[in-house]
Amino acid sequence: MQKIHPYTIKEAILLKELSFFNDHFYAPGEAQVDIEDRGYQFGDGIYEVTHVYNGKLFAFDRHLARFRRSMREMHIPITYMDEELTAIHNDLIEKSGIKSGAIYFQVTRGTAARAFPFPGRATPNLSMTIRESTPNREQQERGISLTLAEDIRWLRCDIKSLNLLGAVFAKEKAKAEGCEEALLYRKDTGLVTEGASSTFFLIKDGVVWTHPLDHLVLPGVTRAVVVEECAKELGLTVIEKTFTPEFAQKADEAFETSTSLEVTPVIKIGGKKIGSGAPGEITKKIMESFQGLIKKECFN
Ligand code: PMP
């Protein structure tokens, strides 16, 4: 079969991009997936994105734990040991030579003739790509703007599934309005859930607020690090409680967290300035604490 992207792995390494599918490494675009892979046809699979700093994985134990939980909730058999998954991630880093980048990791239920119920004997397909990238420092210094968008996603947002159309629509709205991210709210309750691909936090009178961990939000790895490590280190009170978009717009400070955003200040929501319209002081302390954790884990 003719290759669509006829790169050699050596060239892929020069391009700072390398893929893995089931048991082999591939140059970008070289790996071929069967058209009856259930991820391709149903979005029937899960994913993780992990950041690499200084050639080392950050918060990888938390990503592995969330991966296992997503797989259990999806009833997809886990056919890898944690040690194997760690080794494949580290192999990708080593072979690509990437020091600062992101690893996309996906497992689908497998390949089977198209039918809705789970196939009896499909073997899960694992695919991964590492790409060079660095967090957007300029954006972190300036802060980002959010559009408000209705949360039209399904009712199992706690699973990091491949079904991302709700986020795709919200991100497209954000882009069309010149915003960097969308803040989602449920129409039935009128309450904020999270960002389209990030966790939302606000600060009001010194208290940090974020949505509780339930079926409506993803248990973010960065969220856990901020709540369990940064807030603790700084002695901040965090409450996990729902709130309205109007309450968010009247917050003193706000920020989004994700593996790629890290901790990024929010300076505008739905056209309304947050606080003074500049990154807040408590937010900056949380950002500093988060950078300290990265340094401790990956630069020692
Ligand atoms: N919520 C949603 C809906 C997301 O897609 C993401 C990022 N994948 C997050 C939150 C943040 O999660 P993490 O901190 O683990 O990257």
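Colleague: Which space is the largest pocket?
Modeller: This is a predicted model in which local features need pLDDT of at least 70 and side-chain atom pairs 80 or more, while totals for chains, interfaces and linings use all residues. Residues are numbered from 1 along each chain as its sequence is written, and side-chain values use heavy atoms, without hydrogens or water. The largest pocket (an open set of points on a 1 Å grid over the protein atoms alone, with protein on both sides within 12 Å along at least five of seven lines) is the space taken by the ligand.

Colleague: Which side chain has an N or O atom 2.4 Å from a nitrogen atom of the ligand?
Modeller: Val221 has a polar backbone atom 2.8 Å from a ligand oxygen. Thr222 has a side-chain N or O atom 2.6 Å from an oxygen of the ligand. For the nitrogen at 2.4 Å, the side chain is that of Lys160.

Colleague: What percentage of the ligand's exposed area does the protein bury?
Modeller: Taken alone, the ligand exposes 390 Å² (Shrake-Rupley, 1.4 Å probe). The protein buries 92%.

Colleague: How many residues of β1 are buried?
Modeller: β1 is a strand (a DSSP E run of at least two residues) spanning residues 17–21. Glu17, Ser19 and Phe21 are buried (under 20% relative accessible area, 1.4 Å probe, protein chains only) on one side, as are Leu18 and Phe20 on the other. β1 is largely enclosed by the rest of the structure because the buried count is five of the five.

Colleague: Which residue in β2 stands opposite Phe21?
Modeller: β1 and β2 pair (at least two DSSP bridges) in the antiparallel sense over three bridges. Opposite Phe21 stands His24.

Key
Buried < 20%, exposed > 50% of the residue type's maximum accessible area, 1.4 Å probe, protein only. Helix = DSSP H or I, 4+ residues; strand = E, 2+ residues; numbered from the N terminus. Polar contact = N/O pair within 3.5 Å; in protein donor to acceptor, adjacent residues only side chain to side chain. 1 Å grid on protein atoms, 1.4 Å probe; cavity = no way out; pocket = protein on both sides within 12 Å on 5 of 7 lines; lining within 4 Å. Sits in = over half its atoms within 2 Å of the grid points.
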